[in-house]
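Thanks for making the time this morning. I would like to talk through one model with you, going slowly through its charged pairs and then through one helix packing.

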Amino acid sequence: MDERDLAILKAISELGTGSPERIHEETDIPVSTVHYRLNNLREAGIIENDLYDIDLDALGLGVTILVEVLADYAGKHSDVADEIVELEGVTTLLSTMGETDFVAVAHLPDEDAVGRLLREFEEISAVERTNSTYVIETLYDDARALSSYSLETLVELLAE
C-alpha cells in the first residue's frame, strides 16, 4: 500500500462514497487509476463493501445501549461470541480484557426492545452477568476510522 492507496481510502472515508469520479475530484488521481486501485484494495480485502450510511434515529433505531458481558464458559470464547452476535439489535461485539469479556453495542427502537435484548443475554448459558449503559446522546460517531487521521500521518504509519 502506498500514498495513493491511502489517499483513496481517506477520500472514501471523508466523502462517504467509493465513486471513482468523486475520489478523482478529491485527490486528483486519474479516474482510471482510482478504478484500478479500488479493485486491488477489494481483492486485498481492505475494502469490504460499498458505503451507505443510514441515520438510525430517522429509521427508528434511536436507542443505543452498551452491554458489558461477564461470561463463564468452559468451551471456546468464540462460541459465546457467536451466540451474542445472533441477538437482534447487536451491531458491534468487542472482545475485551479486564473485568468483562465482551462489550456489545446495540441499536434498538425503544425500551421494550432493550428489555427483550437483556432477557436474551440472560438466556445464553455462559453469560454470568451483564452491565448495561444507555447512551443519552451520541456526541461523535464516525465508522470511518481513517477520517480521524491526516493523510500525512496515515502515510507515515502505513505506507510501505
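Let me begin with the term I will lean on: a salt bridge here is a side-chain nitrogen of Lys or Arg within 4 Å of a carboxyl oxygen of Asp or Glu. Please keep in mind that what you see is a predicted model. With that criterion, the structure holds four salt bridges, and I will go through several of the pairs in turn.

I start with aspartate 5, which forms a salt bridge with arginine 37, the closest N and O atoms being 3.0 Å apart. Because aspartate 5 lies in helix H1 and arginine 37 in helix H3, residues 31–43, this pair ties together parts that are 32 residues apart in sequence. As for the surroundings of the two partners, aspartate 5 counts as buried, at 12% relative accessibility, and arginine 37 counts as buried as well, at 16%. The pair also belongs to a network of salt bridges, in which Asp2, Asp5 and Arg37 are linked.

The next pair stays within one helix: lysine 10 and glutamate 14 both lie in H1, four residues apart, which is about one turn of the helix. Their side chains meet in a salt bridge, with 2.6 Å from N to O. Buried or exposed, where does lysine 10 fall? At 9% relative accessibility, lysine 10 counts as buried, whereas glutamate 14, with a relative accessible area of 42%, is partly exposed.

A further pair sits in helix H6, residues 111–123, where arginine 116 and glutamate 120 are likewise four residues apart, about one turn of the helix. The closest N and O atoms of this salt bridge between arginine 116 and glutamate 120 are 2.9 Å apart. Here arginine 116 counts as partly exposed at 25% relative accessibility, and glutamate 120 counts as partly exposed at 23%.

Let me now return to H1 and look at its packing. The axes of H1, residues 3–15, and H2, residues 20–27, come within 10 Å and cross at roughly 110°, and the two helices are therefore roughly perpendicular to each other. Which residues make this contact? From H1 there are Ala7, Ile8, Ala11, Ile12, Glu14 and Leu15, and they meet Arg22, Ile23, Glu26 and Thr27 in H2. Sorted by class, that contact has six nonpolar, one polar and three charged residues. Glu14 thus appears in the contact with H2 and also in the salt bridge with lysine 10.

Methods:
Residues are numbered from 1 along each chain as its sequence is written. This is a predicted model: local features need pLDDT of at least 70, side-chain atom pairs count only at pLDDT 80 or more; totals for chains, interfaces and linings use all residues. Side-chain values use heavy atoms; hydrogens and water are left out. Axes are lines fitted to C-alpha atoms, for helices over the stretch in contact, and angles run from 0 to 180 degrees between N-to-C directions. Angles under 35 degrees count as roughly parallel, over 145 as roughly antiparallel, 65 to 115 as roughly perpendicular and the rest as oblique. Contact means heavy atoms within 4.5 Å. Ala, Val, Leu, Ile, Met, Phe, Trp, Tyr, Cys and Pro count as nonpolar, Asp, Glu, Lys and Arg as charged, and the others, Gly among them, as polar. Buried means under 20% relative accessible area, exposed over 50%, partly exposed in between (1.4 Å probe, protein chains only).
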